[in-house]
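Me: Please take a close look at one part of this structure with me, a patch on its surface. I'm in my first year, so a connected, step-by-step answer would help.

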Amino acid sequence: MQIEKLYGKDIDDILDYENFLDKFKDQPSEEFLKEVHKKYLYRSQEEALRTLQVELLKLQEHLEKKNEKMIILIEGRDASGKGGAIRRLTRYMNEKHYRVVALGKPSDAEKTQWYFQRYVQHFPKGGEIVIFDRSWYNRAMVEPVFGFCSQEEYETFMSTVSSFEEDVIAHKIHFLKIYFSVSKEEQANRFHEREENPLKQWKLSEIDLQMQERWDEFTQKKYRMLKETNTKISPWTIIRSDDKFIARYNAIKTILNKVDYEDRDTRINFTVDPEIVTSAEKELEIMDEKARLRKENLEEKN
C-alpha cells in the first residue's frame with residue numbers, strides 16, 4: 001500500500017495526527033508532498049461535485065412528484081470514464097428512484113427477440129431514472145467491430161434506432177444520450193494503470209487488450225453512429241473525458257440542464273464548459289479534420 005510506503009506499517013503511527021504533522025517539520029520528500037496534494041485535489045473535487053449532487057436529489061424529487069420518467073445513456077469506448085461518472089452521478093441519489101442497467105451478453109432466447117426488447121423491459125416507471133451503462137448502441141460499435149452481430153443486423157439497427165428513440169421521446173420520457181470521448185493516448189494510459197494496479201486489474205478484459213489495436217475501426221463506427229443517429233429530437237452530447245473530474249462535473253451539469261426541475265439553486269453556474277461538452281456536429285468536424293491531417297501526413301511520407 002502506498003500509505004505504508006510513506007508512513008511505515010504501524011497503523012497507530014498512520015492514524016496519529018501528530019505523526020502526520022512531523023512529516024512537515026523537516027524538509028518533506030517530494031513523494032510525500034505529491035501524495036498529500038493528490039489527496040487534497042481528490043477531496044476538493046469531491047466537494048465541488050457535492051454541490052451538483054444536491055441538485056440531482058432535487059431533480060429526482062421533481063420527477064417523483066410529477067410522475068415523470070428519465071433515461072440516460074452513457075456511451076463511450078472502454079476506459080473512457082463511464083463507470084466513474086455513473087458512480088459520482090448516483091452516489092447520493094435516492095436508491096428507490098433510480099437504477100443503473102448494464103446488460104451482459106444476451107441469452108440464446110434474447111438473441112431471437114426484437115433487438116430492443118431486452119432494453120425496453122428495463123425502462124423506468126413513473127418517478128424513476130434509468131441509467132444505461134452502455135445500451136442498445138453496443139450494436140453500433142462493439143458488436144460489428146468484434147463480429148458479435150451480422151452486417152445485416154448492424155444495418156437494420158442503424159436504419160431503425162432513430163425512429164425507436166423518437167417513439168420513446170413521444171411517450172414523454174426525458175431522454176439523454178451522452179458519449180464520453182477519450183483520446184487514444186489517455187486510453188492507453190488507463191489500460192496500463194489497470195495492468196499495474198492490483199485494485200483495478202479486474203477491469204481489464206480480453207476485449208480491452210484489443211481496443212488500441214482496433215482504434216481506427218472503432219473510430220469509423222463512431223463516426224457513422226454520430227452522423228446517422230444524431231437527430232434534432234434525439235441528439236448526442238459529447239463529453240471529452242481525458243480529465244475524469246472535469247468530465248464528471250460537466251456530465252452532471254448536462255443532466256441537470258435536461259429537466260426544468262423545481263427549486264434549482266440560482267447561485268450555481270449550470271453552464272457547461274464548451275471545450276469539454278460539444279455537439280455531435282462539432283465532433284464530426286473535428287474527426288474530419290484529424291482524418292484530413294492524417295491523410296496529408298501519409299501523402300508526405302510517400
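Reply: A nonpolar patch is made of residues with over 30% relative accessible area and no salt bridge, whose nonpolar side chains are joined within 5 Å. Keep in mind that this is a predicted model.

With that in hand, let's find the patch. Y17, F20, F24 and L33 make a nonpolar surface patch of about 380 Å². Helix α3, which covers residues 17-25, gives the largest share of this patch, with 3 residues.

Now zoom in on F24, which has its place in helix α3. Its relative accessible area is 38%. Buried means under 20% and exposed means over 50%, so F24 counts as partly exposed. The value of 38% is also over the 30% that a patch residue needs, so F24 passes that step.

To see the setting of the patch, step back to the whole protein. The C-alpha trace spans about 65 × 65 × 40 Å along its principal axes, and the protein has 14 helices and 6 strands. About 17,700 Å² is exposed, and carbon and sulfur atoms supply 50% of that area. Of the 302 residues, 41% are buried.

For a contrast with the patch, try W215, which is found in helix α12. Its relative accessibility is 12%, so W215 counts as buried. Beyond its neighbours within four places in sequence, W215 is in contact with R77, V182, S183, K184 and Q187.

Helix α12 also leads us to another helix, α14. The buried residues of α14 pack against α12 (215-229), as well as β4 (173-181), β5 (236-240) and β6 (277-279). Helix α14 has 22 residues, 280-301, and at 1.5 Å a residue it should span 32 Å; its end C-alpha atoms are 32 Å apart, which agrees. Its buried residues include A280, E283, L284 and M287. Looking down the axis of α14, the buried residues fall within an arc of 100 degrees, so they line one face of the helix. On the face turned away from that buried side you will find the exposed residues E285, E299 and E300.

One last view takes in the fold as a whole. Among contacts between residues at least 6 apart in sequence, 75% join residues at least 24 apart. When you go back to the patch, start at F24 in helix α3, then look for Y17, F20 and L33, which make the patch together with F24.

Key: Residues are numbered from 1 along each chain as its sequence is written. This is a predicted model: local features need pLDDT of at least 70, side-chain atom pairs count only at pLDDT 80 or more; totals for chains, interfaces and linings use all residues. Side-chain values use heavy atoms; hydrogens and water are left out. Helices (H or I, at least four residues) and strands (E, at least two) are DSSP runs, numbered from the N terminus. The expected span of a helix is 1.5 Å times one less than its number of residues. Buried means under 20% relative accessible area, exposed over 50%, partly exposed in between (1.4 Å probe, protein chains only). The arc is that of the directions from the helix axis to the C-beta atoms. Contact means heavy atoms within 4.5 Å. Patches are made of residues with over 30% relative accessible area and no salt bridge: like charges are joined within 9 Å, nonpolar side chains (Val, Leu, Ile, Met, Phe, Trp, Tyr) within 5 Å. Accessible areas come from the Shrake-Rupley method with a 1.4 Å probe; for residues, only the protein chains shown count as cover. A salt bridge is a side-chain nitrogen of Lys or Arg within 4 Å of a carboxyl oxygen of Asp or Glu.
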